Amino acid sequence: MDLCNIHQIKELLARHGFRFSKSMGQNFLVAPWVPRRIAEEAGLDSGTGVLEVGPGVGCLTEQLALRAGKVLSIELDKTLKPVLEETLHGLDNVRLLFGDVLKFNLPELVRGHFSGLRPVVCANLPYNITSPVLTAFIEAGCFDTITVMIQREVARRICAMPGSDDYGSFTVYANWHTEPKILFDVSPGCFIPQPKVSSTVIRLKKRNSPPVPVGSEKMFFKVVRGAFSQRRKTLKNALASGLEGFDKERIEKAISACGLDPRVRGENLGIGEFAALTDALISLSP
Ligand code: SAM
């Protein structure tokens, strides 16, 4: 069966009484070049174990299974079970799990299923959970690469430059742990039903060490969150209200110790400047 053929998919889904759910972010790919290219960009071989989220009817799952050692695919919608059992029949290296990806212990799953394999993520994500699911993948710390299709707007936020409107604490978080790269755009016409937003495929490559050294990673992220807590304020004022335990005077001293303009805004600081500011604040701690 051609798992991207719109007529065949419609017939298959109707036969199983399937109805699309908006709340589960169900937009299935019907352009065969897209799952093929996503799988190609994921850098798979027989030594790779791929975690996929949301197989849908299995068009990307099939492409992953043709290239990787093993595919573990988690689907929330149990009504897709008989559909996937039909479409993935004969692909012996695919294992399906049903449940909410956000409720799984990902490192445990990887240890249990991908022994001896290089773990990666590859998926066309449900857009309603993009940020929490990406955070869970990064936080798990066990995936060498994360190749995913997400909303173009979120991809832009992840890859944004300091000073741009898209730049925020999620940009800093993603770039601290990974090296993100935009791969290609996909238009709404490549899906049924068509999503309201455009999509982009990105790859996040895990960093082996942070991009710059810092005295305390926990403090670094407190500073970043504080700096972005009120975007229109200066860094000094945002931190004075958004960073607990530091008065305005100490914040001012730290900002000037880093050679930054006292009127600078948080959204203009790069990762290195946030790290330097964190270290200055630590050294000024009582
Ligand atoms: N991979 C298919 C494709 O590319 O055509 C379907 C992708 S569709 C955008 C997202 C899929 O994720 C749907 O199959 C949906 O049921 C599933 N899903 C939604 N929320 C989920 C969750 N929390 N955990 C696991 N799967 C989820």
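## The enclosed cavity

Searching the whole structure turns up one cavity of 30 Å³ or more. The model you are looking at is a predicted one. The largest cavity has a volume of about 50 Å³.

Who lines this enclosed space? The lining of the largest cavity is made up of G25, N27, N124, L125, P126, Y127, F191 and P195. Sorted by class, the lining of the largest cavity gives five nonpolar residues, three polar ones and no charged ones.

## The largest pocket

Turning to the open spaces, the largest pocket holds about 390 Å³ of space. It is lined by 27 residues, and those closest to its centre are M24, V53, G54, E75 and P126. P126 is one to keep in view, as it also belongs to the lining of the largest cavity.

Which elements supply at least two residues each to the lining of the largest pocket? They are the strands β1 (28-29), β2 (48-53) and β3 (70-75), together with the helix α3 (59-67). As for chemical character, the lining of the largest pocket comprises 15 nonpolar, nine polar and three charged residues.

## The second largest pocket

The second largest pocket has a volume of about 330 Å³. It has 15 lining residues, of which K22, G25, N27, P195 and K196 are the closest to its centre. Some familiar names return here: G25, N27 and P195 are also among the residues that line the largest cavity.

How does the lining of the second largest pocket divide by class? It has five nonpolar, seven polar and three charged residues.

## Helices α8 and α9

Now for a pair of packed helices. Two packed helices are described by the angle between their axes and the distance between the axes. Here, helix α8 (residues 169-177) packs with helix α9 (residues 217-227) at an angle of about 155 degrees, and their axes are 10 Å apart. Angles over 145 degrees count as roughly antiparallel, and α8 and α9 are therefore roughly antiparallel to each other. The crossing in which α8 passes α9 is right-handed.

On the α8 side, the contact is made by S169, V172, Y173, W176 and H177; on the α9 side, E217, F220, F221 and V224 take part. The residues of this contact between α8 and α9 fall into six nonpolar, two polar and one charged.

Technical notes:
Residues numbered from 1 in each chain as written. Predicted model: local features only at pLDDT ≥ 70, side-chain atom pairs only at ≥ 80, totals over all residues. Heavy atoms only, no water. Axes fitted to C-alpha atoms, helices over the stretch in contact; angles between N-to-C directions. Helix = DSSP H or I, 4+ residues; strand = E, 2+ residues; numbered from the N terminus. Parallel < 35°, antiparallel > 145°, perpendicular 65-115°, else oblique. Left-handed = near helix turned anticlockwise from the far one by under 90°. Contact = heavy atoms within 4.5 Å. Nonpolar A, V, L, I, M, F, W, Y, C, P; charged D, E, K, R; others polar. 1 Å grid on protein atoms, 1.4 Å probe; cavity = no way out; pocket = protein on both sides within 12 Å on 5 of 7 lines; lining within 4 Å. Points joined across faces, edges and corners; volume = space filled by probe spheres on them.
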